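Here is my notebook from an afternoon of looking things up in one protein model. I kept the entries short, so please read along with the structure open.

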Amino acid sequence: MTNERVEKATFAGGCFWCMVKPFDTLPGIQKVVSGYTGGHTENPTYEEVCNGKTGHTEAVQITFDPDVFPYEKLVEIYWQQTDPTDAAGQFADRGDSYRPVIFYHNKEQKEIAEKSKANLANSGRFKKPIVTEILPAVPFYPAEEYHQDFYKKNRLHYEGYRAGSGRSNFIESNWGESK
């Protein structure tokens, strides 16, 4: 018999390909799924989300054991993957389907996310306001299989995209290393 607790965390931070790897191999992480959430279309396709008519954003949903890896640490890692001052997209990816959002699954997650956002805003790390939204989780739709674990399946494409999009340089400039 196991005492393992399981929770979900859902984060939108631009291209979901770039949001999997930072979480994927952490202790207590059971899986990281690329997908779509926050919109009004059921079971959207990648093409539908990209055309901007579904209201969805690309996101990752993380299944984790909070006793092994607390939600606070997931949120801390999340901030270090995004530009929290850019509500219009992330890096080279522009539009609502790439907006930064923390989707909380319960009251505790909401409080942790709000406190973390306030701490980041007060830290002086960024000159512009922190605009990442904190919203209640809504249905999450897994992306097509070819998007899952993209960094493993297409390593060179992934690394080229991550660097070319400006994400790696931004993270290094603002957090000290490319995570």
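**Entry 1: a pair of strands.** I began with strand β1 (residues 7-13) and strand β6 (residues 100-104), which pair in the antiparallel sense over four bridges. For me, two strands pair if DSSP finds at least two bridges between them. Helices (H or I, at least four residues) and strands (E, at least two) are DSSP runs, numbered from the N terminus. I reminded myself that strands of a sheet pair through backbone hydrogen bonds, either parallel or antiparallel. Looking for single bridges, I found G13 of β1 with P100 as its partner in β6. T10 stands opposite F103 in β6.

**Ground rules.** This is a predicted model, so I note the limits: local features need pLDDT of at least 70, side-chain atom pairs count only at pLDDT 80 or more, and totals for chains, interfaces and linings use all residues. Residues are numbered from 1 along each chain as its sequence is written, and side-chain values use heavy atoms, with hydrogens and water left out.

**Entry 2: the other partner of β1.** I then looked up β1 and β3, which pair in the antiparallel sense over five bridges. Here F11 stands opposite V60 in β3. Is β1 enclosed or open to the outside? Six of its seven residues are buried, so β1 is largely enclosed by the rest of the structure. Buried means under 20% relative accessible area, exposed over 50%, and partly exposed in between (1.4 Å probe, protein chains only).

**Entry 3: the whole sheet.** In what order do the strands lie? I read off β7-β6-β1-β3-β2-β8, six strands in an open sheet with mixed pairing. β7 (133-136) and β8 (140-142) stand at the edges with a single partner strand each, so one side of each has no neighbour in the sheet. From one strand to the next, the twist averages 35°.

**Entry 4: helices on the sheet.** Helix α1 (residues 17-24) packs on the sheet and touches β1, β2 (29-37) and β3 (57-64). Its direction makes about 165° with that of β2. Helix α4 (residues 107-123) also packs on the sheet, touching β1, β3, β6 and β7, and its direction makes about 145° with that of β6. My axes are lines fitted to C-alpha atoms, for helices over the stretch in contact, and angles run from 0 to 180 degrees between N-to-C directions. Contact means heavy atoms within 4.5 Å.

I picked S116 in helix α4 for a closer look. At 18% relative accessibility, S116 counts as buried. Not counting residues up to four places away in sequence, S116 touches V75 and W79.

**Entry 5: the nonpolar core.** A nonpolar core is a set of buried Ala, Val, Leu, Ile, Met, Phe, Trp, Tyr and Cys residues joined through side-chain atoms within 4.5 Å. Which residues touch the most other members of the largest one? Of its 39 residues, they are F11, F23, I62, Y71, L74 and I102. Helix α3 (residues 71-79) gives the most to this core, with six residues. I followed F11 further: leaving out residues up to four places away in sequence, its contacts include M19, F23, Y71, L74 and I102. I also found a second, separate core of six residues, with V33, A59, V101 and F140 among them.

**Entry 6: just before β1.** V6 lies in the segment before β1. V6 counts as partly exposed, at 46% relative accessibility. The C-alpha atoms of V6 and F64 are separated by 5.5 Å, although these residues are 58 apart along the chain. Beyond its neighbours within four places in sequence, V6 is in contact with Q30, T63, F64 and P66.

**Entry 7: two positive phi values.** N43 has a positive phi of about 50° although it is not a glycine. N43 is found in the loop between β2 and α2 (46-50), and it is exposed, with a relative accessible area of 56%. F91, also not a glycine, has a positive phi near 60°. F91 is found in the loop between β4 (89-90) and β5 (93-94), and at 14% relative accessibility it counts as buried.

**Entry 8: stepping back.** To finish, I looked up the totals. The protein chain comes to seven helices and eight strands. Of its 179 residues, 49% count as buried. Its C-alpha trace spans about 40 × 40 × 30 Å along the principal axes.
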